[in-house]
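The following explanation is meant for a reader who meets this structure for the first time. Please keep the sequence and the model in view while reading.

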Amino acid sequence: MIFDKNTAKKTAELLLQINAIKLQPQEPFTWASGWKSPIYCDNRITLSYPEIRKYLKEHLARFIEDKYGKPDVIAGVATGAIGIGMLVAEELDLPFIYVRPEAKKHGRKNQIEGIVPEGKKVMVVEDLISTGKSSLNAVKALHEVNAEVMGMVAIFNYGFDVASQNFEDAALSLHTLSNYENLLEQALDTDYITQQQLQTLQSWRTNPSEWNI
């Protein structure tokens with residue numbers, strides 16, 4: 001679920017503007033999973049643009065307080081959301097931790113870096129939601145230390161059905177600044193894509209694992 005329509009369109013505009021999101025329906029990217037995709041998203045690029053990262057952190061922080069109240073801790077999902085998560089924590093004047101995909105094999109063998117939030121209310125911040133698997137893996141790690149996970153916020157969501165189902169199964173709320181639907185609207189409104197390209201981009205979302213042009 002997006003925060004609101006205006007924020008969704010503005011966020012999409014900013015991400016397209018700095019090429020944090022690229023749309024190439026005629027020259028698809030290949031994801032690490034092997035999927036062919038007409039879109040590539042790297043929200044870490046936003047950290048290099050002070051005004052844009054300020055916009056993102058302020059909107060994420062304000063939404064968290066308005067929707068959930070102030071948590072005890074902000075948790076970023078490594079590695080993509082460490083930067084934006086820390087900015088949100090700073091905006092809210094809260095402790096910050098981050099969660100690795102798995103525990104380290106050496107040293108203290110931590111999966112959670114920072115002060116472990118046992119019994120604390122934790123808000124999880126992500127940069128991007130695809131299937132939701134890695135994001136929910138971080139939530140599982142927090143539950144294992146008896147943290148109370150309030151919900152998750154993210155910059156962008158592809159809107160895959162499998163992600164919606166995964167979050168529903170986990171009984172965890174997810175809200176994002178923008179999503180694929182609003183991205184395509186913004187891209188069409190600003191002539192970033194044509195009507196024909198829009199149809200190609202919409203077809204990808206219906207079956208991304210099998211899609212090809």
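The paragraphs below go from the whole chain to individual elements and residues.

The model shown here is a predicted one. Its chain has seven helices and ten strands. Along the principal axes, the C-alpha atoms occupy a box of roughly 50 × 35 × 30 Å. The chain has a radius of gyration of 17 Å, which agrees with the value near 17 Å that a compact globule of 213 residues would have. Half of the picture lies inside: 50% of the 213 residues count as buried. Among the contacts in the chain with a separation of 6 or more, 65% join residues that are 24 or more positions apart.

The outside of the chain can be described in similar terms. The accessible surface is about 10,700 Å², and carbon and sulfur atoms contribute 45% of that area. The chain carries 22 positive and 27 negative charges, and the mean positions of these two groups lie 6 Å apart.

Helix H3 is a suitable place to begin with the interior. This helix spans residues 82–92, and its buried residues are Gly83, Ile84, Gly85, Val88, Ala89 and Leu92. In an α-helix there are 3.6 residues a turn, so residues three or four places apart point the same way. Which elements cover the buried residues of H3? The cover includes helix H2 (50–68) together with strands S5 (73–77), S6 (96–99), S8 (121–129) and S9 (148–157). After H3 comes aspartate 93, which has a positive phi near 55 degrees.

Strand S9, one of the elements covering H3, also contains alanine 154. This residue has a relative accessible area of 0% and is therefore buried, since buried means under 20%. Beyond its neighbours within four places in sequence, alanine 154 is in contact with Leu60, Glu126, Ile129, His175, Thr176 and Leu177. A further residue, glutamate 185, is 31 residues from alanine 154 in sequence, and the two C-alpha atoms are 19 Å apart in space.

The contact with Thr176 leads to strand S10. Threonine 176 belongs to this strand, which covers residues 174–179. Is threonine 176 buried or exposed? Its relative accessibility is 1%, so threonine 176 counts as buried. Not counting residues up to four places away in sequence, threonine 176 touches Met1, Ile2, Phe3, Ala154, Ile155, Phe156 and Asn157. The side chain of threonine 176 also reaches the backbone oxygen of serine 178, at 2.9 Å. Leucine 60 is 116 residues away from threonine 176 along the chain, while their C-alpha atoms are separated by 8.5 Å.

Another threonine is found in a helix. Threonine 7 lies in helix H1, residues 5–17. With a relative accessible area of 6%, threonine 7 is buried. Leaving out residues up to four places away in sequence, threonine 7 touches Tyr55, His59 and Leu177. Leu177 is also one of the residues in contact with alanine 154.

The loops deserve attention for their backbone geometry. Between S5 and H3 runs a loop that contains threonine 79. What is the form of the peptide bond from alanine 78 to threonine 79? This bond is cis, and its omega is near 0 degrees. In the loop between helix H4 (133–144) and S9 lies asparagine 146. The phi of asparagine 146 is positive, near 65 degrees, although the residue is other than glycine.

Alanine 171 sits in the loop between helix H5 (161–169) and S10. It is not a glycine, yet its phi is positive at about 55 degrees. Its relative accessibility is 71%, so alanine 171 counts as exposed, the cut-off being over 50%.

A final loop joins strand S2 (29–30) and strand S3 (36–37), and glycine 34 is placed there. At 47% relative accessibility, glycine 34 counts as partly exposed. Glycine 34 and asparagine 179 are 145 residues apart along the chain, and their C-alpha atoms are separated by 22 Å.

Technical notes
Residues are numbered from 1 along each chain as its sequence is written. This is a predicted model: local features need pLDDT of at least 70, side-chain atom pairs count only at pLDDT 80 or more; totals for chains, interfaces and linings use all residues. Side-chain values use heavy atoms; hydrogens and water are left out. Helices (H or I, at least four residues) and strands (E, at least two) are DSSP runs, numbered from the N terminus. The radius of gyration is taken over C-alpha atoms; the globule rule is 2.2 Å times the number of residues to the power 0.38. Buried means under 20% relative accessible area, exposed over 50%, partly exposed in between (1.4 Å probe, protein chains only). Contact means heavy atoms within 4.5 Å. Accessible areas come from the Shrake-Rupley method with a 1.4 Å probe; for residues, only the protein chains shown count as cover. Lys and Arg count as positive and Asp and Glu as negative; His and the chain ends are not counted. The place of a charge is taken as NZ of Lys, CZ of Arg, CG of Asp or CD of Glu. A polar contact is a pair of N or O atoms within 3.5 Å; within protein, one must be able to donate a hydrogen and the other to accept it, and residues adjacent in sequence count only if both atoms are side-chain atoms.
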